[in-house]
Amino acid sequence: MPDTSFDLIVLGGGPGGYVAAIRAAQLGMKTAVVERENLGGICLNWGCIPTKALLRTSEINHLLHHLPEFGFAAGPVPGFDLAAVVKRSRAVAKQLSSGVAHLMRKNKITVFDGDGKLAGKNTLAVTKAGKPVATLQAPHIILATGARARQLPGLEADGKLIWTYRDAMVPPMMPKSLLVIGSGAIGIEFASFYRNMGAEVTVVEVLDRILPVEDAEISAFAHKAFEKQGMKILTSAAVKGAKKGAESVTVTVESAGKSQEITVDRVISAVGIVGNVENLGLDGTGVKVERTHVVIDGYCRTGEPGVYAIGDLAGPPWLAHKAMHEGVLCVEKIAGRNDVHPMDVRNIPGCTYCRPQIASVGLTEARAKEAGYEIRVGHFPFIGNGKAIAMGEAEGMVKTVFDAKTGELLGAHMIGAEVTELIQGYTIARTLEATETDLMHTIFPHPTISETMHEAVLDAYGQTLHF
């Protein structure tokens with residue numbers, strides 16, 4: 001029989017959960033992880049990682065259609081094997097999930113396969129298929145059960161005609177036409193993948209612009225770029241119903257008081273997530289739940305002593321790197337370290353891996369104004385960057401927002417090739433509380449796309465050099 005007494009138990013083996021467990025083990029805690037499905041959670045198995053594998057395939061497909069622009073005397077563009085595309089994506093996910101299992105063994109973390117439920121003070125009961133597995137004891141229990149796709153009434157996913165993100169990752173066939181409900185990161189990434197693979201794509205967004213959490217200028221730039229690619233975008237629009245046929249769906253969309261019917265092969269519903277708070281044994285505890293998410297303080301503590309929550313379960317932003325950071329700071333606080341600071345959500349970068357890519361950190365221009373800042377704003381287009389032009393990726397822009405009084409970088413917003421890699425430069429600047437002077441005096445390598453970041457800083461102060 002395995003040990004059932006631990007210093008720390010983590011319920012959920014996703015990015016936040018497994019990272020919290022590893023950090024706890026590093027700090028000398030006897031640690032257990034309870035996971036009912038796959039180590040790595042949604043991110044590694046059905047989210048961040050496999051979608052990037054799919055999007056890489058769609059990028060290659062796009063390039064294959066533009067080979068003559070790079071000097072290739074290309075014949076007919078080769079077709080693709082959808083089953084092979086999906087198989088590669090699943091193989092990538094499996095490889096990384098297996099890697100997490102290795103990390104658990106390496107760090108001597110005990111893994112229990114099953115569902116976990118609070119069963120009294122410092123106690124977690126583990127079951128599998130309704131049968132008891134173990135009753136675990138620990139003075140500290142971290143809830144990291146994640147979240148799932150939110151379902152729209154009347155538009156519930158059926159796995160055949162109406163898909164969630166999970167269904168959209170393993171399509172049995174390539175739809176000729178597709179309607180995506182919701183234009184957040186998940187919706188736009190799938191819209192981009194399927195459009196670049198040749199499907200006719202329509203995006204429906206209830207708000208007045210796509211990618212609503214991004215800066216308005218970035219949203220507008222993306223809107224134009226997607227329409228240029230042939231994507232149809234309907235904003236300030238709501239899906240009011242769907243009629244299913246044998247192999248198609250007719251969706252009713254209302255916008256500006258008018259109604260239209262759109263018939264497509266498949267529908268992807270990407271309208272947000274809900275926390276997995278059910279069956280966790282929260283009744284009778286001090287854990288508070290608001291809008292399906294567990295309420296925590298700056299150190300991930302709930303209202304119940306010894307119980308913590310991290311990641312998607314604990315609310316937005318719903319990002320794997322946010323969950324990982326919460327896992328580390330939560331464990332380090334439990335361990336009694338005095339150098340732990342609550343997370344500043346303004347320093348969490350957000351990335352969307354569509355084409356062109358989108359990335360941001362900090363306040364948008366509108367948010368900065370709402371917060372009462374006097375601001376300076378800089379821009380720099382990719383068309384002014386030598387590396388971007390040489391790569392054939394001249395579609396893009398960088399925008400910076402500074403506090404006019406102090407020079408603090410309040411926010412940075414980017415759209416274009418590889419900006420999901422570049423954004424970390426601004427994130428470090430935010431973390432180090434860099435000013436415009438620090439960034440101006442930083443030497444950026446040439447020729448690189450990162451030079452656009454430097455120029456966008458210079459532009460905020462009227463000193464741009466190359467545009």
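So, in what order do the five strands of the open sheet run? Keep in mind that this is a predicted model. The order is 9-16-10-11-12, and the pairing is parallel. At the edges sit strand 9, residues 162-163, and strand 12, residues 232-234, and each of those pairs on one side only.

Let's look inside the sheet. Strand 10, residues 177-181, runs parallel to strand 11, residues 200-204, and five bridges link the pair. If you want a spot to click on, take Ser 177: its bridge partner in strand 11 is Glu 200.

Now add helix 6, which covers residues 185-196 and packs on this sheet. Helix 6 touches strand 9, strand 10, strand 11 and strand 16, the last being residues 266-269. Its direction makes about 165 degrees with that of strand 11.

Okay, on to the nonpolar side chains. In soluble globular proteins, these tend to be buried together. Here the largest nonpolar core has 35 residues, and Tyr 194, Val 201, Phe 226 and Ile 268 touch the most other members. Several elements supply at least two residues each, among them helix 3 (48-64), helix 4 (82-106) and helix 7 (216-228). Helix 6 gives the largest share, five residues.

Which residues does Tyr 194 contact, leaving aside its neighbours within four places in sequence? The list includes Trp 163, Leu 178, Val 201 and Ile 268, and there are also Pro 171 and Pro 175.

One last thing before you zoom out: there's a second, separate core of 30 residues, and Ala 24, Ala 25, Val 33 and Met 104 are among its members.

Notes
Residues numbered from 1 in each chain as written. Predicted model: local features only at pLDDT ≥ 70, side-chain atom pairs only at ≥ 80, totals over all residues. Heavy atoms only, no water. Pairing = 2+ DSSP bridges. Helix = DSSP H or I, 4+ residues; strand = E, 2+ residues; numbered from the N terminus. Contact = heavy atoms within 4.5 Å. Axes fitted to C-alpha atoms, helices over the stretch in contact; angles between N-to-C directions. Core = buried A, V, L, I, M, F, W, Y, C linked by side-chain atoms within 4.5 Å. Buried < 20%, exposed > 50% of the residue type's maximum accessible area, 1.4 Å probe, protein only.
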